[in-house]
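Let's take a friendly walk through a protein chain together. Have a look at the sequence and the model below, and then read on.

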Amino acid sequence: MNIAPGKRLIDYDGDNLEIGDSATARAKLKSILTASADPVFTSITQQTSQDKTVTVTGSAVGDTVVVNPPDGALLDTTTKHAVIGAWVSAANTVKIRVHNLGTVALAPTAGNWRITVFTQA
């Protein structure tokens, strides 16, 4: 399958999905992995970070990660601001980092976090 509306290319060769602007500049995705977990964050002091790890079987260093916290886990007020980052830190392991940019401690509430990993071909 090859779809090329305008200048964008989408190609699937039976194993990998390729998306890009040209035949030479494409992102090659092998699979999409998903997991959910409740990483228990304790109180995060202002201007510091806290990391938690989650198992995502099949993930590898260099894969792309998207993480979605549960609704309300990181309430944003005038004094509490958080930034979330996630990456594959080792085979089958995703690290989630919450950085508290606020001026007071932040205590993320418990809940189901959704982790999506796009594996590279």
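A residue is called buried if its relative accessible area is under 20%, exposed if that area is over 50%, and partly exposed in between. Keep these cut-offs in mind as you explore this model, which is a predicted one.

**The whole chain**

What does the chain consist of, helices or strands? There are nine strands and zero helices. Reading from the N terminus, the elements run β-β-β-β-β-β-β-β-β. The chain has 121 residues, and 30% of them are buried. Its accessible surface comes to about 7100 Å², and carbon and sulfur atoms account for 54% of that surface. If you take the contacts between residues at least 6 apart in sequence, 63% of them join residues at least 24 apart.

**An open sheet**

Three strands, in the order β5-β8-β7, form an open sheet with antiparallel pairing. Which strands stand at its edges? They are β5 and β7 (82-90); each has a single partner strand, so one side of each is left without a neighbour in the sheet. On average, and with direction ignored, neighbouring strands of this sheet are turned by 20° against each other.

Now zoom in on one pair. β7 and strand β8 (residues 93-100) run antiparallel and are joined by eight bridges. In this region, G85 stands opposite R97 in β8.

**The nonpolar core**

The largest nonpolar core has 19 residues. Which of them touch the most other members? They are V56, V94, I96, V98, W113, I115 and V117. Four strands, β4, β6 (64-68), β8 and β9, each supply at least two residues of this core.

**Three residues to compare**

Let's meet three residues, beginning with this small table.

| Residue | Place | Relative accessible area |
|---|---|---|
| T45 | loop between β4 (26-37) and β5 (49-55) | 45%, partly exposed |
| T116 | strand β9 (residues 113-120) | 18%, buried |
| V117 | strand β9 | 0%, buried |

Why does V117 count as buried? Its relative accessibility is 0%, and the cut-off for buried is under 20%. V117 is in strand β9, and V117 is one of the core members that touch the most others. Leaving aside neighbours within four places in sequence, V117 is in contact with S31, I32, L33, V56, S59, D63, T64, V65, V88 and V94. Among these partners, V56 and V94 are also listed with V117 as core residues that touch the most other members. V117 and T34 are 83 residues apart in sequence, yet their C-alpha atoms are 6.3 Å apart in space.

T116 is in strand β9 too. With a relative accessibility of 18%, T116 counts as buried, because the cut-off is under 20%. Not counting residues up to four places away in sequence, T116 touches I32, L33, T34, T64, V65 and V66.

T45 brings us to a loop, the one between β4 and β5. Is T45 buried or partly exposed? With a relative accessible area of 45%, T45 is partly exposed, because that value lies between the cut-offs of 20% and 50%. Once residues up to four places away in sequence are set aside, T45 touches N100 and A105. T45 and V104 are 59 residues apart in sequence and 6.7 Å apart in space, C-alpha to C-alpha.

How values were computed. Residues are numbered from 1 along each chain as its sequence is written. This is a predicted model: local features need pLDDT of at least 70, side-chain atom pairs count only at pLDDT 80 or more; totals for chains, interfaces and linings use all residues. Side-chain values use heavy atoms; hydrogens and water are left out. Buried means under 20% relative accessible area, exposed over 50%, partly exposed in between (1.4 Å probe, protein chains only). Contact means heavy atoms within 4.5 Å. Accessible areas come from the Shrake-Rupley method with a 1.4 Å probe; for residues, only the protein chains shown count as cover. Two strands pair if DSSP finds at least two bridges between them. Axes are lines fitted to C-alpha atoms, for helices over the stretch in contact, and angles run from 0 to 180 degrees between N-to-C directions. A nonpolar core is a set of buried Ala, Val, Leu, Ile, Met, Phe, Trp, Tyr and Cys residues joined through side-chain atoms within 4.5 Å.
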